[in-house]
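Colleague: I should be grateful for a close look at a single part of this protein, namely the ligand site and the domains around it. Please set out what the model shows there.

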Amino acid sequence: MTNARSYVLAAGGTGGHMVPAAALAAELASRGHHVALVSDDRGVRFPGLFEDVETHVLPAGRLGGGPLGYLRAGRNVLAGRSMALRLYKELKPAAVIGFGGYPALPSLLAAFRAGIPTVIHEQNAVLGRVNRFVAGRVKAIATSYDQVERMKPGWTAKTHLVGNPVREAVLRLRERPYPALDEDGIFRVLVTGGSQGATVLSQVVPDGLALLPVHFRRRLQVTHQARIEDIDSVRAKYQAHEIPADLATYIADMPEALAWAHVVIARAGASTIAELTAAGRPAILVPLPSATDDHQTANAREITKAGGARTIPQRAFTAAELAKQIQKLGLDTQGLENAAVRARSCGRPHAASDLADLVESIHAPTAPIAIRRKAIQGRLAHA
Ligand SMILES: CC(=O)N[C@H]1[C@@H](OP(=O)(O)OP(=O)(O)OC[C@H]2O[C@@H](n3ccc(=O)[nH]c3=O)[C@H](O)[C@@H]2O)O[C@H](CO)[C@@H](O)[C@@H]1O
């Protein structure tokens with residue numbers, strides 16, 4: 001393939017950064033390009049995402065922790081940048097694509113130093129810290145929402161709305177109908193707190209579901225992702241309430257869990273929202289209040305406004321409130337199906353291919369190796 005290029009993807013360690021990076025890696029690989037991932041220890045080991053991708057761990061630093069913390073972080077960033085420069089000599093990437101998170105920073109700084117074109121992708125409705133730090137110097141900024149807070153007017157010309165790429169298996173759910181729901185049939189609830197789980201969902205959801213009238217409670221089938229330290233108490237609660245529940249600290253096959261869910265109770269992490277809107281699943285969202293710049297509340301806005309989700313701030317997320325919301329939803333089959341359609345209407349199913357198009361359009365100042373060689377041979381032939 002003459003236009004095969006090498007690309008480096010740089011992403012932080014949480015699922016919110018790694019999942020879209022994996023979706024772009026798959027899309028670029030399917031176009032014949034070579035892709036390498038640069039991340040931290042956590043990122044490269046993310047379950048089920050990068051088995052077929054070349055991975056590199058670089059030191060990175062998280063800013064904060066007083067003067068000593070900053071010093072340590074600065075040292076790590078510089079060490080990571082030097083290692084990335086050595087890596088680029090070998091890989092000769094046509095572009096470096098950052099997905100935010102501190103582990104992405106050294107790779108982007110190295111790309112600036114080496115004159116390699118850069119693209120950043122922002123998953124959230126608020127530009128994250130690392131992306132904000134580098135946004136002025138990158139060639140293109142890809143966003144997931146129409147409205148992104150913390151952007152500067154000077155960046156508009158290089159900003160492209162592509163959406164937040166999801167896994168192929170999630171995208172396929174778009175063509176599957178909302179699971180059949182009849183008034184006395186099984187009602188499936190999926191509970192997920194993002195890649196790290198969320199204690200508040202474990203504290204509130206089992207007790208909230210237990211408050212439902214008995215005929216509704218008997219219809220419930222729950223899949224609940226809980227943090228390791230919470231899982232035993234969550235299991236005990238569901239058993240005590242006689243609500244059938246499958247529990248996991250990490251749901252390995254999230255596309256399948258989503259496929260069957262009638263309603264999803266979740267945090268409002270960027271990939272969770274992208275998956276709900278790709279598949280079209282109604283949701284009750286409880287944004288993480290401590291998220292930087294309250295970005296999860298911002299992420300939840302579009303799907304909530306469209307009528308595909310209800311957002312409950314964590315301070316108001318009580319068992320009684322949850323029971324009220326679930327009962328309202330569960331008793332209105334048509335309303336739930338409408339909410340599924342509205343959630344789906346917010347999806348951006350071409351995100352991975354639009355982002356790959358953008359990346360391919362950002363050429364390195366020099367052409368890819370194969371083409372360059374051909375051009376030199378051509379020039380020699382004409383000499
Ligand atoms: C706590 C925190 O700081 N979270 C941030 C983190 O995402 P965080 O990883 O918490 O959450 P996201 O919703 O963005 O992504 C979670 C991903 O993990 C997958 N998953 C999750 C649970 C599970 O059991 N199985 C599974 O496969 C989900 O399907 C999804 O693809 O980065 C996102 C993107 O910058 C932010 O929007 C989030 O606010």
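Modeller: In the UniProt record, an unreviewed entry, residues 189-340 carry the feature "domain: Glycosyl transferase family 28 C-terminal". The model discussed here is predicted. Within it, residues 189-340 are 49% helix and 16% strand, and the C-alpha atoms at the two ends of this stretch are 14 Å apart.

The domain assignment splits the protein chain into domain 1, made up of 6-164 + 349-382, and domain 2, which covers 170-345. Between the C-alpha centres of domain 1 and domain 2 there is a distance of 32 Å. Where the two meet, 20 residues of domain 1 are in contact with 19 residues of domain 2. On the domain 1 side of this contact, helix 1 (residues 15-30) gives the most, with 4 residues. By residue class, that side of domain 1 comprises 7 nonpolar, 10 polar and 3 charged residues.

Helix 1 also leads to the ligand: helix 1, helix 11 (270-279) and helix 12 (295-305) each supply at least two residues of the surrounding shell. In total, 26 residues surround the ligand, and the closest are Gly15, Gly16, Gly194, Ser195 and Gly269. The shell divides into 18 polar residues, 7 nonpolar and 1 charged. Because domain 1 and domain 2 both give residues to this shell, the ligand lies between them.

Notes:
Residues are numbered from 1 along each chain as its sequence is written. This is a predicted model: local features need pLDDT of at least 70, side-chain atom pairs count only at pLDDT 80 or more; totals for chains, interfaces and linings use all residues. UniProt positions are given in the numbering used here, feature names are shortened, and annotations may be inferred rather than shown by experiment. Domain bounds come from an automatic or database domain assignment. Two residues are in contact if their C-beta atoms, placed from the backbone, lie within 7 Å. Ala, Val, Leu, Ile, Met, Phe, Trp, Tyr, Cys and Pro count as nonpolar, Asp, Glu, Lys and Arg as charged, and the others, Gly among them, as polar. A residue is near a molecule or strand if its C-beta atom, placed from the backbone, lies within 6 Å of it.
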